[in-house]
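Reader: I've got a protein model open on my screen and I'd like to learn how to read it. Could we go through it together?

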Amino acid sequence: GRLYQKYHDQTLKKLQADPYLPLGEVTGYSFKQADHLGIGFGIALDSLERADGSTCGLLQALTMEGETYLELEELLPAAKELTNINFDRLAEAVNDLQDKKKVVVEEGRGQPAGPISSGKRDRDRPGRPFSQGQGSGLPGKRLGPGHQAGRKEAGDQL
């Protein structure tokens, strides 16, 4: 129904290319549904598409509950629990979604947010902070859906 309304005769082609793409764009389409298709289509369990999808799916669920943002220190463990994808890949997914303007990451009023790091490194010691690019780690950063009406740019308060 709703997927077809959005993509028309391209629905199957779009879902085969990336079943996680409609998350956050199509109401009623869940990460569980996308993941079922993704696994069936042979998408790797640690793929960037799946990591992106888990982030969008978690934010979509929170938006349906009336929330407008989530602390990254809450998002990354929730996404890891949902997918079993390592923290580095999940941090990469948040940066990817920020580049695509699907989410907004911010550090606080007047402070621009650069790329984030997970604040954890699975292959070394869990919980040991590291930085990625300009990121300063996890504490204090918030993530909100970028597709909402009145979307703010990075650095603006939600």
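**A walk through the model**

Author: The protein chain has 6 helices and 3 strands; helices (H or I, at least four residues) and strands (E, at least two) are DSSP runs, numbered from the N terminus. This is a predicted model, so local features need pLDDT of at least 70 and side-chain atom pairs count only at pLDDT 80 or more, while totals for chains, interfaces and linings use all residues. Residues are numbered from 1 along each chain as its sequence is written, and side-chain values use heavy atoms, with hydrogens and water left out.

Reader: In what order do the elements run from the N terminus on?

Author: Start at the N terminus and follow the protein chain along, writing α for a helix and β for a strand. You then get α-α-α-α-β-α-α-β-β.

Reader: What percentage of the residues of the protein chain count as buried?

Author: Buried means under 20% relative accessible area, exposed means over 50%, and partly exposed is in between (1.4 Å probe, protein chains only). Out of the 158 residues of the protein chain, the buried share is 43%.

Reader: Which element gives the most to the largest nonpolar core?

Author: A nonpolar core is a set of buried Ala, Val, Leu, Ile, Met, Phe, Trp, Tyr and Cys residues joined through side-chain atoms within 4.5 Å. The largest one here has 26 residues, and Leu3, Tyr20, Leu23, Tyr29, Leu90 and Val94 have the most contacts inside it. Two or more residues each come from α1 (2-7), α3 (31-40), α4 (48-64), α5, α6 (87-99) and β2 (103-106). The top contributor, with 5 residues, is α6.

Reader: Which residues is Leu3 in contact with, leaving aside neighbours within four places in sequence?

Author: Contact means heavy atoms within 4.5 Å. Skip those sequence neighbours, and Leu3 has these partners: His8, Thr11, Leu15, Pro22, Val26 and Tyr29.

Reader: How far apart are the end C-alpha atoms of helix α5?

Author: The expected span of a helix is 1.5 Å times one less than its number of residues. Helix α5 (residues 72-83) has 12 residues, so it should span 16 Å, and the distance between its end C-alpha atoms agrees: 16 Å.

Reader: Within what arc do the buried residues of α5 fall?

Author: The buried ones in α5 are Leu72, Leu75, Leu76, Ala79 and Thr83. Look down the axis of α5 and they line one face of the helix, because they fall within an arc (taken from the directions from the helix axis to the C-beta atoms) of 90°.

Reader: How many of the residues of α6 are buried?

Author: α6 has 13 residues and reaches 18 Å from its first C-alpha to its last, close to the 18 Å expected. Its buried residues include Phe87, Leu90, Val94 and Leu97. The helix is mostly covered, and the count of buried residues is 10 of its 13.

Reader: Which residue takes a positive phi just after α6?

Author: Let's look at both ends. At the start of α6, a side-chain oxygen of Asn86 comes to within 3.0 Å of the backbone nitrogen of Asp88. Just after α6, the residue with a positive phi, about 60°, is Lys101.

Reader: Which residue does Arg50 meet in a salt bridge?

Author: A salt bridge is a side-chain nitrogen of Lys or Arg within 4 Å of a carboxyl oxygen of Asp or Glu, and the structure holds 6 of them. Arg50 in helix α4 has its partner in helix α3, 15 residues apart. Both partners are buried. At 2.7 Å, N to O, the partner of Arg50 is Asp35.

Reader: How far apart are the closest N and O atoms of Glu92 and Arg89?

Author: Both residues lie in helix α6, 3 residues apart, about one turn of the helix. Glu92 is partly exposed at 34% relative accessibility, and Arg89 is partly exposed too, at 24%. Their salt bridge has its closest N and O atoms apart by 3.0 Å.

Reader: Is Ser47 buried or exposed?

Author: Ser47 sits in the loop between α3 and α4. Not counting residues up to four places away in sequence, Ser47 touches Ile85 and Arg89. Its relative accessible area is 9%, so Ser47 counts as buried.

Definitions and conventions:
Polar contact = N/O pair within 3.5 Å; in protein donor to acceptor, adjacent residues only side chain to side chain.
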